[in-house]
Number of protein chains: 2
Amino acid sequence: MAKVEFNIPCTLCEHLKDSLFNGLSPEDLNKINLHKTCISYKKGQNIFYEGTRPTGLYCMNGGKVKVYKNNVQGKEYIIYIAKPGDFLGYRALLGEEFYAASATVLEDAKICFITKDHFFEVLQKNPAFMKRVVKSICHEMGIMEEKMAELAHKSVRERLAASLLMLKESYGMEGEGSTLIDIALSREDLANIVGTATETVIRLLSEFKSEGLVSFEGKKIRVLEPRKLAKQADLIIG
Amino acid sequence: MAKVEFNIPCTLCEHLKDSLFNGLSPEDLNKINLHKTCISYKKGQNIFYEGTRPTGLYCMNGGKVKVYKNNVQGKEYIIYIAKPGDFLGYRALLGEEFYAASATVLEDAKICFITKDHFFEVLQKNPAFMKRVVKSICHEMGIMEEKMAELAHKSVRERLAASLLMLKESYGMEGEGSTLIDIALSREDLANIVGTATETVIRLLSEFKSEGLVSFEGKKIRVLEPRKLAKQADLIIG
DNA sequence: TTTAAGACATGACAAAAGTCATCTTTTTCG
DNA sequence: CGAAAAAGATGACTTTTGTCATGTCTTAAA
């Protein structure tokens, strides 16, 4: 489980186009490049823990990472699954607080790290970059508001359907109408995304399967009937 | 239900100290002051609706406003209760999106409005102000992450206890150890904060009352035993 | 390849919470 | 003031969901 370093110049990063760094001047990009450390992580490795102090920003270059909170009883809720191009840990960094969540690798990942000082330097010199960051954060907040309202008043069945559709949208495999959810999620992880017990997810998933809404391909789930699933999620009335 | 205008210079506003505007130069404060419109709202009046486009920033000068989302079935979830000094609608404004929630007056309110352009002008000229806004937004996000995790895995009883403690902290009456929750909340509103049915809140509240954890004073609730309530909320182990 | 650990699956049961109906109390407004 | 509406309260019942036990299947490591 040793961390392995790698190095790809930011200007050549294939995920730059999906990142908030996109639009930065070559000079700023080079400044970040010069001060970044890039590390390969294996599945199961931890990136940061809730309650610790952030020292910089993580930028995903490959793989998948879950960001989650554990409650007193040890129950986990997955807030977000980070994919290449995503920033990680920027909320605590910009809020100047301790991490409110932990991050662990779901699929072998490559992650770059920029220290707080260098990131803030670039941030403060680029009002346009700052504006993009703020806009992105506010967009995230809107998604969180939506999720809270769902958790408050929707059934587990509805939430599972909604989660599957969200996963399809955000992590759908290229091509094939991107119907395959390209994350090897365990039933337990899926339960911790939906906010329910593992057994409940298992039961509902097999219901969805026998109703022809989804199919299982190895460890992955394919959404066969997005519209019917949307009805199950009560997103559309039909 | 007519809207009544009032006017108080920002520099003399008694809530400036609680506001993100605190720390702004007198010139910038005056710029905002010159371009603001201040209106009195009655209980039940709407400030903005989900799905509409924000045109500026609201700043609370008096009263209480609930910010909430309605789902397809008409069920409401209250995201936040704004009090004097708070900004309202800044998330959609900075995210350049439509409002994701609605806002309605809970207790007769006085609210000032600054157009988007004037707010952005002040924001962009003041990196320190921008930094405070970003910090505040990130802090809010941390609270939302906490609430999502609670909604996902805590019982209604635990969430009600946690909500009462939160309300005591945020809206506690001055003096008296600030044990009185100074909002005239209906049982229905409280249910929509906790994310449950009105009847369930009524039942649990009378349980808390008979257990001596809370008492009712008119339309308001007094927290008698915060530590015992914290145990009910599973915040402390005992 | 074998074995152990972890993931997945299913049944039985209990507990939590929602819904509906009804009634009382309080508030609002003509 | 007095009627109507809204809010609060309570009981009965149903549904949903969580928990525990147990068994099978898959995967990874020795």
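How many residues does the contact take from chain B, and how many from chain A? In this model, which is a predicted one, the contact takes 35 residues from chain B and 35 residues from chain A. If we look at the side of chain B that touches chain A, the elements that each give two or more residues to it are β5, at 76-82, α2, at 90-95, and α4, at 127-153, of chain B. Of these, α4(B) supplies the largest share, 18 residues. Sorted by class, that side of chain B holds 18 nonpolar, seven polar and ten charged residues.

Let me turn to how the two copies are related. A turn of 180°, with a shift of 0.0 Å along the axis, lays chain B on chain A with an RMSD of 0.0 Å, and that is the relation of a two-fold axis. The same surface serves both copies, in that 100% of the contact residues of chain B recur in chain A.

Now to the DNA, beginning with strand C. DNA strand C is surrounded by 16 residues, and the closest are A:S186 and A:R187 from one chain, with B:S155, B:T196 and B:T200 from the other. The elements supplying at least two residues each to the surface near DNA strand C are α6 (187-194) and α7 (198-210) of chain A, together with α5 (156-171) and α7 (198-210) of chain B. The largest share of that surface, five residues, comes from α7(A). By class, the residues near DNA strand C are four nonpolar, five polar and seven charged.

For DNA strand D, there are 15 surrounding residues, and the closest are A:S155, A:T196 and A:T200, along with B:S186 and B:R187. Here the elements that give two or more residues are α5 (156-171) and α7 of chain A, together with α6 (187-194) and α7 of chain B. It is α7(B) that gives the most to the surface near DNA strand D, with four residues, and the residues of this surface divide into three nonpolar, five polar and seven charged.

Finally, a word on one strand pair in chain B. Strand β9, residues 214-217, and strand β10, residues 220-223, of chain B run antiparallel and are joined by four bridges, and within this pair B:S215 stands opposite B:R222 in β10(B). The two strands form a hairpin with two residues between them, and B:G218, which lies in the turn, has a positive phi of about 65°.

Technical notes
Residues numbered from 1 in each chain as written. Chains lettered and ligands numbered in written order. Predicted model: local features only at pLDDT ≥ 70, side-chain atom pairs only at ≥ 80, totals over all residues. Near = placed C-beta within 6 Å. Nonpolar A, V, L, I, M, F, W, Y, C, P; charged D, E, K, R; others polar. Contact = placed C-beta atoms within 7 Å. Pairing = 2+ DSSP bridges. Least-squares fit on C-alpha atoms with pLDDT ≥ 70 in both.
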